[in-house]
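This briefing goes through one protein model by topic. Please have the sequence and the 3D view open while reading.

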Amino acid sequence: MPESNGTLRIIRQDDSLYPSVFKERLTDNSPGQLFVLGNLDLLQKTKLAIFCSKKCPGQKIIKAFDFARSLRDSQKAVISGFHSPIEKECLRILLRGQQPIIICPARSLEKMRVPADWREGLAEGWLLILSPFPVGRRRFTVELARQRNLLVTALSDEICFIHSDPGGRIEELRELVQQWKIPIITI
């Protein structure tokens, strides 16, 4: 049975559970350790990342919500920081199902209050919370978000960019995805 309780675990680079894809994609920038809550088996699944800039055109918002509902019904594993308003709303939709979800906050997990709507997924083994940030990184910063997005991208098998502002951070990430040859899904 997968570990699904709320116990914070640390996975170091020399641990067999440490994702080998980090060494391939991030090379020397691989996080030294990962902090995790939830079912580590979710890392073995094929993962679709979702990203969306803070500002998003109205027509893409509707498509994003329909896409999240289709993901919820498909049982596909979804990974994201779920930080932008659209990403947060997609998470709310996804949490109504029981498909695998990997949430990567741009902060340390130490002393993090797990939201009530995440607890069922943790207890039942379909949710994983993962962070590369050590103790003391409790507040969101642009740099932590950049590092988190890099980690999410490195873990992903496919990526959906709901919307990326031209010249923005998500657009820069799209360029990296193309270099790594990760398939991009459009909605």
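Where is the place of N39? In this predicted model, N39 sits in the loop that runs between β2 (33–38) and β3 (47–52). The points below begin with that residue and go on to two helices, a pocket, a strand residue, two loop residues and a helix residue.

**N39**
- N39 counts as buried, because its relative accessibility is 5%, and buried means under 20%.
- A polar atom of the N39 side chain lies 2.7 Å from the backbone oxygen of G125.

**Helix α2**
- Helix α2 covers residues 58–74, which makes 17 residues.
- At 1.5 Å a residue, α2 should span 24 Å, and its end C-alpha atoms are 25 Å apart, so the two values agree.
- The residues A64, F67, A68, L71 and R72 of α2 are buried.
- These buried residues cover an arc of only 140 degrees around the axis, so they are on the same side of α2.
- Q59, I62 and D73 are exposed, and they are carried by the face of α2 turned away from its buried side.
- The cover over the buried residues of α2 includes β3, β4, α3 (85–94), β7 and β8.
- Q75 follows α2 and has a positive phi, near 70 degrees.

**Helix α6**
- Helix α6 is made of 12 residues, 169–180.
- The expected span of α6 at 1.5 Å a residue is 16 Å, and the distance between its end C-alpha atoms is 17 Å, which agrees.
- Which residues are buried in α6? They are I170, L173, L176, V177 and W180.
- Seen down the axis of α6, the buried residues fall within an arc of 105 degrees, and therefore they line one face of the helix.
- The packing partners of the buried residues of α6 are α1 (20–25), β3, α5 (142–155), β7 (158–163) and β8 (184–185).
- After α6 comes K181, with a positive phi near 60 degrees.

**The largest pocket**
- The largest pocket holds about 380 Å³ of space.
- How many residues line the largest pocket? The lining has 18 residues, and C52, S53, K54, R169 and I170 are the ones that lie nearest the centre of the pocket.
- At least two lining residues are supplied by each of β3, α5 and α6.
- α5 gives the largest share of the lining, with five residues.
- I170 thus appears twice in this briefing: as one of the buried residues of α6 and among the residues nearest the centre of the largest pocket.

**S80 in strand β4**
- S80 belongs to strand β4, residues 77–80.
- Is S80 buried or exposed? S80 counts as buried, because its relative accessibility is 0%.
- The side chain of S80 has a polar atom 2.9 Å from the backbone oxygen of I50.
- Leaving aside residues up to four places away in sequence, S80 touches I50, E87, I102, I103, C104 and V152.

**Two loop residues with positive phi**
- Most residues other than glycine have a negative phi.
- F82 is not a glycine, yet its phi is positive, at about 50 degrees.
- The loop that holds F82 is between β4 and α3.
- With a relative accessibility of 5%, F82 counts as buried.
- K111 is also a residue other than glycine with a positive phi, near 65 degrees.
- The position of K111 is in the loop between β5 (101–103) and α4 (116–124).
- K111 counts as exposed, because its relative accessibility is 61%, and exposed means over 50%.

**E143 in helix α5**
- E143 is a residue of helix α5.
- At 37% relative accessibility, E143 counts as partly exposed.
- What contacts does the side chain of E143 make? One is a polar contact of 2.7 Å with the side chain of R146, and another is a polar contact of 3.0 Å with the side chain of Q147.
- E143 and A106 are 37 residues apart along the chain, and their C-alpha atoms are separated by 8.8 Å.

Technical notes. Residues are numbered from 1 along each chain as its sequence is written. This is a predicted model: local features need pLDDT of at least 70, side-chain atom pairs count only at pLDDT 80 or more; totals for chains, interfaces and linings use all residues. Side-chain values use heavy atoms; hydrogens and water are left out. Helices (H or I, at least four residues) and strands (E, at least two) are DSSP runs, numbered from the N terminus. Buried means under 20% relative accessible area, exposed over 50%, partly exposed in between (1.4 Å probe, protein chains only). A polar contact is a pair of N or O atoms within 3.5 Å; within protein, one must be able to donate a hydrogen and the other to accept it, and residues adjacent in sequence count only if both atoms are side-chain atoms. The expected span of a helix is 1.5 Å times one less than its number of residues. The arc is that of the directions from the helix axis to the C-beta atoms. Contact means heavy atoms within 4.5 Å. On a 1 Å grid over the protein atoms alone, a cavity is a set of points where a 1.4 Å probe fits but cannot get out, and a pocket is an open set with protein on both sides within 12 Å along at least five of seven lines; lining residues have an atom within 4 Å of a point. Grid points are joined across faces, edges and corners, and a volume is the space filled by probe spheres set on the points.
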